[in-house]
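Here is a short tour for anyone who likes to have a structure open while reading. Take a look at the sequence and the model, and then we can walk through some of the details together.

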Number of protein chains: 2
Amino acid sequence: MSEKPLILVTNDDGITAPGLRALIAVMNEIGDVIVVAPDSPQSAMGHAITINSTLYCSPITIDDGPQIEYSCSGTPADCVKLGVNEILNTRPAICVSGINHGSNSSINVIYSGTMSAAVEAGIEGIPAIGFSLLDYNWEANFEAVKDFVKTITLNVLENGLPDGVVLNVNFPRLKREEIKGVRVCRQAKAYWVEEFDKRTNPQGRHYYWLTGNFINEDHGEDTDEWALANGYVSVVPVQFDLTAHHAIQKLNTWKLNE
Amino acid sequence: MSEKPLILVTNDDGITAPGLRALIAVMNEIGDVIVVAPDSPQSAMGHAITINSTLYCSPITIDDGPQIEYSCSGTPADCVKLGVNEILNTRPAICVSGINHGSNSSINVIYSGTMSAAVEAGIEGIPAIGFSLLDYNWEANFEAVKDFVKTITLNVLENGLPDGVVLNVNFPRLKREEIKGVRVCRQAKAYWVEEFDKRTNPQGRHYYWLTGNFINEDHGEDTDEWALANGYVSVVPVQFDLTAHHAIQKLNTWKLNE
C-alpha cells in the first residue's frame, strides 16, 4: 500500500449496484480502496447485525479495479464489522457507504442500511459518510454528484469529524448545473403514514405489502428536506448517542421509586 | 372494549418468549391488551423493516388471555406498523416492547429489535417503552421486575412522554429485594470489540460467527451501565432525531462549496 489514505467502501444495495460502482470510482481518485459489500440488496435493514447465522465473505472481481473487493452474505453493519476487524490489516482513514439508490433524508436515516454502515464505522471510531441520491432507479445518474462526493470526502479526511458524529449526505435528483451547492442541515421532523396492501395468496392465506406516504410538516429552512427540495445537497451530522438529554430532568420529577 | 387504556405489546424474541408472556401478564392488570409479535426470534434486527417481501399476520392463541394476539412474519418494527395501521381500530394509549432476554443498555440500543419497536411507535406519536432484563436465558426470572414494569408504565400513561422521546428500561439480574430502585440515566459511551470466529464448512468454504467483547470506558455515575452494575433499574430517554445539533456550527466552517 502507498501513503494514500485507506478507504473502506460499502453499501446496502449490493456489490453490483451502480451507485456503489460510482462511489468506488471517486474513492479510487483519493486513496487505496477496499470494498466489503453485501452480496444482495439489504435496503431497509436498519442497524441489523447477524448473530444467529453464519456469515460468508469472499474476494470477488467485478471490474478492472484497482480496488480490492469482498462480497459478504451479511448486512451493511456486518460488512463494516468484518471489514474493520477481519479483512483489513490497517485501520481505514475513512468509511464511505452508498451511493444509495433512493433518499435517506429525514426519518429515513433510522431505516437505512446505508447509514447503518456509516454509524457502525462511527461507533468503531472511524470517520464515516453515507451518501444517497434521491433516485430509486437502478439506472440513476450518479455522474452529476461525483464532484460533491469527492469534495465532502476530502473535507472529512482533512478536518476529521467530531467525536460520535457521522455524516448523512443526500443528493437531489438534478443535473450537475442545476445543483446550487451544499448545505449543512438538521433532520426534518417527518414521518411515514403506512398503508398495507392486503392480498390473498394462491393457497387462500392473507398477506401484506408495506407501502406508505411520506409526510413532512416541518417547513424549517434549516432541514434536509428543505435543502433537497430547493436544489441543494444536504449534509446532516448524525449521532449514535440516542440519549434525549433534555428529557432527563423532567423524568427525574416522576414517581418511579414509590 | 372498556375504558381501560388500549395497550399494544410486542417484542423481538418471538411470541412464545417468556419475557413477552411476563410483560403481557403485567399489562393485563393495567389495560386492554393487543399483542402483535414476531413468529420467530428477531434479535439484533435493529430498525429493519420488510419492504421487499410479503408479511403474514394471523390471530393466534398462546394462553387463556384475556389479551388478543397476532403472530407476524416480520420484524419488531413491522409488528408495530401492522398493529397500529392494520390490526387496531383505535390508537393505542401506549406501546410496550419486551421484556427482552438480554441487555439493551448503552450502545446496544442501536442493534436492538426490542427498542426498534418502541422507537417505531414513538415515530408514530405513541408513548412507548422497551424493557430488557440482563439475562439471556430463556428461563430468566421475570417475576423480580414485574412491579417495576407496572410502575414505569403507569407513570408514562399518567405523565405522557416528551415529544420525540421513548424510554429504554433495563433491569439488573437480581432478586427483587436486591434491586435498589430506578434511576434515570444517559446511555453509556461503550462499544463492542468484535472477534470473528472463522470456521470451514463441510464443503470447504470459510464462514464466520460474529462474537465480541463489550468495552465500557465511560465510568460516569449518570450512565445506564453504572446504574445496572450498582443494582438499579436504568431508564434512558431515547430520541429518534439523530441530528448532532452541536456539530452543525463546526461543519459550517468547512469548505464544502469551493
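## A covered helix and a gathered site

In chain B of this predicted model, the buried residues of helix 3 are B:G113, B:T114, B:M115, B:S116, B:A117, B:A118, B:V119, B:E120, B:A121, B:G122 and B:I123. That makes eleven of eleven residues buried in this helix, which runs over residues 113-123. At its N-terminal end, B:S112 acts as a cap, with a side-chain oxygen 3.2 Å from the backbone nitrogen of B:T114. After the helix comes B:G125, which has a positive phi near 85 degrees.

Now let's move to chain A. An unreviewed UniProt entry lists A:D12, A:D13, A:S43 and A:N100 under "binding site". These residues span 89 residues in sequence, yet no two of their C-alpha atoms are more than 9.0 Å apart, so they gather at one spot.

Two of the listed residues deserve a closer look. A:D12 sits in the loop between strand 1 (6-10) and helix 1 (18-30) of chain A, and A:D13 is placed in the loop between strand 1 and helix 1 of chain A. Are they buried or exposed? A:D12 is buried, at 2% relative accessible area, and A:D13 also counts as buried, at 8%. Their side chains reach these partners:

| Side chain | Partner | Distance |
|---|---|---|
| A:D12 | side chain of A:T114 | 3.2 Å |
| A:D13 | backbone nitrogen of A:H101 | 2.9 Å |

Beyond its neighbours within four places in sequence, A:D13 is in contact with A:P41, A:S43, A:I99, A:N100, A:H101 and A:W138.

## The sheet and its helices

Chain A also holds an open sheet of nine strands in the order 3-4-2-1-5-6-7-11-8, with mixed pairing. Strand 3 (57-60) and strand 8 (181-184) stand at the edges with a single partner strand each, so one side of each has no neighbour in the sheet. From one strand to the next, the twist averages 25 degrees.

At one of these edges, strand 3 of chain A runs antiparallel to strand 4 (residues 68-72) of chain A, and four bridges join them. Here A:S58 stands opposite A:S71 in strand 4.

Helix 1 of chain A packs on the sheet, touching strands that include strand 1, strand 2 (32-38) and strand 5 (94-101), and its direction makes about 145 degrees with that of strand 5. Helix 4 (residues 146-159) of chain A lies across strand 5, strand 6, strand 7 (165-171), strand 8 and strand 11 (232-239), running at about 165 degrees to strand 6.

Definitions and conventions: Residues numbered from 1 in each chain as written. Chains lettered and ligands numbered in written order. Predicted model: local features only at pLDDT ≥ 70, side-chain atom pairs only at ≥ 80, totals over all residues. Heavy atoms only, no water. UniProt positions renumbered as here; feature names shortened; annotations may be inferred. Helix = DSSP H or I, 4+ residues; strand = E, 2+ residues; numbered from the N terminus. Buried < 20%, exposed > 50% of the residue type's maximum accessible area, 1.4 Å probe, protein only. Polar contact = N/O pair within 3.5 Å; in protein donor to acceptor, adjacent residues only side chain to side chain. Contact = heavy atoms within 4.5 Å. Pairing = 2+ DSSP bridges. Axes fitted to C-alpha atoms, helices over the stretch in contact; angles between N-to-C directions.
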